[in-house]
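Open your viewer, load the chain and keep the selection tool handy. We will walk from one stop to the next, with a short note on what to look for at each.

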Amino acid sequence: MEDLLKKHSPYLLVDTTRLRDDSATDLKVSIVIPVRNEQEVMVELIAALQAQTFRVAEIVIVDGGSTDQTVSISRNLTRGDDRFRVIEAGDATPGRGRNVGIEAARNDWIALTDAGNRPEAQWLEELVKVVRRDPSVEIVYGNFEPITDSFFTRCAALAYVVAKQERDGHRIRAPSIVSALMRREVWRRAGGFPDLRAAEDLMFIESVERQGSKVAWCPSATVWWHLQPTLASTYRKFAVYSRHNVWAGRQRFWHYGIARMYLLALPFVVLAIAHRAWWLAILIAGFAVRIASSIWQRREQRGLLWALNPIQFLGVALIVLTIDLATFVGWIQALGQRPADRPAPESVT
C-alpha cells in the first residue's frame, strides 16, 4: 500500500483554502461512487473529491467485492474526514453498488461519478449552480472528457468515446451517469439501477426519461475519464461489456449493428474467393469510410489535415477491429452461459 501512496503522492496536495463552506445552505449533497479493484486510482479520486470547491456533505464509496487494496486505501486516505463512508457490499455490480450507496445516503441530493474518473475541482459546484438557478430541476447531467495522454489513448478516444452533442446551445457529452446530480426521488421513480455490470447506466437514464423528470445540462461540470491504456486491456473491457449487454438483452443497441456490417461484407469475401481479389477493395473502402467517419465526428474543431493523419488512422482502425472482435467473443461467451451460471461482477481495470 505504501508504494501505491508514494506513486500517487502528488494528488494528495489539496489546497483547502479554495473550499467554500456551503454547509449552511439548504442544499446538501451526497456523492455516491461504486468501486471494485480500483487501488490504482483511489488516491487520485479521493484527492479530487476532497478538493471540490463546493463543500460536500457526504461521500459514500461502495465496494463491490474488491480483492486488492481498494478498501484499505480508501479507509486510510479518508481517516479523519467524517464526510467519507466506505460500505462493503460483497459481490456487487456497479448497478447494485449505486443502489446500496443511494439508499444509505443521508441527503436527498445525490451526485454520481465512477472510479476511473477525476472530477474537476468545480465539478460539483457547477452542477449545484444549475439547481440553484432553477429549483424545479430534478436531474443535472454534466460533461466528461477522455484523458488522452498517449498516442494510444488519443486513438482510443477517436475510436469509441461518444462524440459531443448539442444540448441547449452547448456541446456536451451527456447524458451520462459519470457526471450527474439528481434528487433521490428521481432514483426511486426510475426503480433504481438494474443489477448489471454494463448498460445499467443507460437503462437507468432511459427510465428517467420515461418518468418525465425535469432535466438540465451543465457542460462546465466536467470529469476526466481514464481510458484503457493498451490494446489488450481494451479488448478485455469490451468483452466484459459485451457479455453483460447480452445478458441485459440489449443486443439491438450494439451487437446487431456490428453483425449487420460483417454480414454485408460476407458476399464480397465470397466474390473475392470465387472470382477476383479486387472485390476486397470494396470492403477496404467501406471500412476506411467507417474509420474516417469516426475520426471526423470526434475531431473537436480540428481541421482536415489533422483528420487525414495516416498513422492516427491506422491506430483508430486497429482499436475498432479489436473492439469488434471483443464484441463477438463476448456475445458468444454470453450465449454459452446460462443466467444462473453468470460469474461474480468483473473488474475491467
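A salt bridge here is a side-chain nitrogen of Lys or Arg within 4 Å of a carboxyl oxygen of Asp or Glu. By this rule the count comes to 20 salt bridges. Before you select any of them, note that this is a predicted model, in which local features need pLDDT of at least 70, side-chain atom pairs count only at pLDDT 80 or more, and totals for chains, interfaces and linings use all residues. Residues are numbered from 1 along each chain as its sequence is written, and side-chain values use heavy atoms, with hydrogens and water left out.

**The whole chain**

Start with a cartoon view. The chain has 13 helices and 10 strands; helices (H or I, at least four residues) and strands (E, at least two) are DSSP runs, numbered from the N terminus. Now colour by burial: buried means under 20% relative accessible area, exposed over 50%, and partly exposed in between, with a 1.4 Å probe and protein chains only. Of the 349 residues, 52% count as buried.

The chain exposes about 16800 Å², and carbon and sulfur atoms supply 57% of that area. Accessible areas come from the Shrake-Rupley method with a 1.4 Å probe; for residues, only the protein chains shown count as cover. How many of the contacts between residues at least 6 apart in sequence join residues at least 24 apart? The share is 82%, where contact means heavy atoms within 4.5 Å.

**Stop one: E58 and R106**

Select E58 and R106, which form a salt bridge with the closest N and O atoms 3.1 Å apart. E58 is in strand β2 (residues 58-63) and R106 in the loop between α4 (94-104) and β4 (109-112), so this pair ties together parts 48 residues apart in sequence. Is each partner buried or exposed? E58 counts as buried at 1% relative accessibility, whereas R106 counts as exposed at 59%.

**Stop two: R83 and D81**

Next, pick R83 and D81, whose side chains meet in a salt bridge at 2.9 Å, N to O. R83 is buried at 13% relative accessibility, and D81 is buried too, with a relative accessible area of 17%.

**Stop three: a salt-bridge network**

Move on to E300 and K164, where the side chains form a salt bridge at 3.8 Å, N to O. This pair links distant parts of the chain, 136 residues apart: E300 sits in the loop between α11 and α12 (304-307), and K164 in the loop between α6 (151-160) and β7 (165-167). E300 is partly exposed at 29% relative accessibility, while K164 is buried at 18%. Add E145 and R173 to your selection, and you have the network that shared salt-bridge partners build from E145, K164, R173 and E300.

**Stop four: N37**

Zoom to N37, in the loop between β1 (29-35) and α2 (42-50). N37 counts as buried at 16% relative accessibility. What does the side chain of N37 reach? Show the backbone of T67: its nitrogen is 2.6 Å from the N37 side chain.

**Stop five: G330**

Follow helix α13 (residues 310-335) to G330. G330 is buried, with a relative accessible area of 0%. Leaving aside neighbours within four places in sequence, G330 is in contact with A239, S242 and R243. You can also draw a distance from G330 to Y241: their C-alpha atoms are separated by 7.6 Å, although the two residues are 89 apart along the chain.

**Stop six: a nonpolar patch**

Switch to a surface view and select L263, L266, V269, V270, I273, L280 and I284, a nonpolar patch with about 670 Å² of accessible area together. Patches are made of residues with over 30% relative accessible area and no salt bridge; like charges are joined within 9 Å, and nonpolar side chains (Val, Leu, Ile, Met, Phe, Trp, Tyr) within 5 Å. The elements giving two or more residues to this patch are α10 (255-274) and α11 (280-297), and α10 supplies the largest share, five residues. Pause on I273 in helix α10; I273 is exposed, with a relative accessible area of 70%.

**Last stop: the cysteines**

Finally, select C155 and C218. C155 is buried at 1% relative accessible area, and C218 is buried at 4%. How many disulfides does the structure hold? The number is zero, with a disulfide taken as a pair of cysteine sulfur atoms within 2.5 Å.

Definitions and conventions: Polar contact = N/O pair within 3.5 Å; in protein donor to acceptor, adjacent residues only side chain to side chain.
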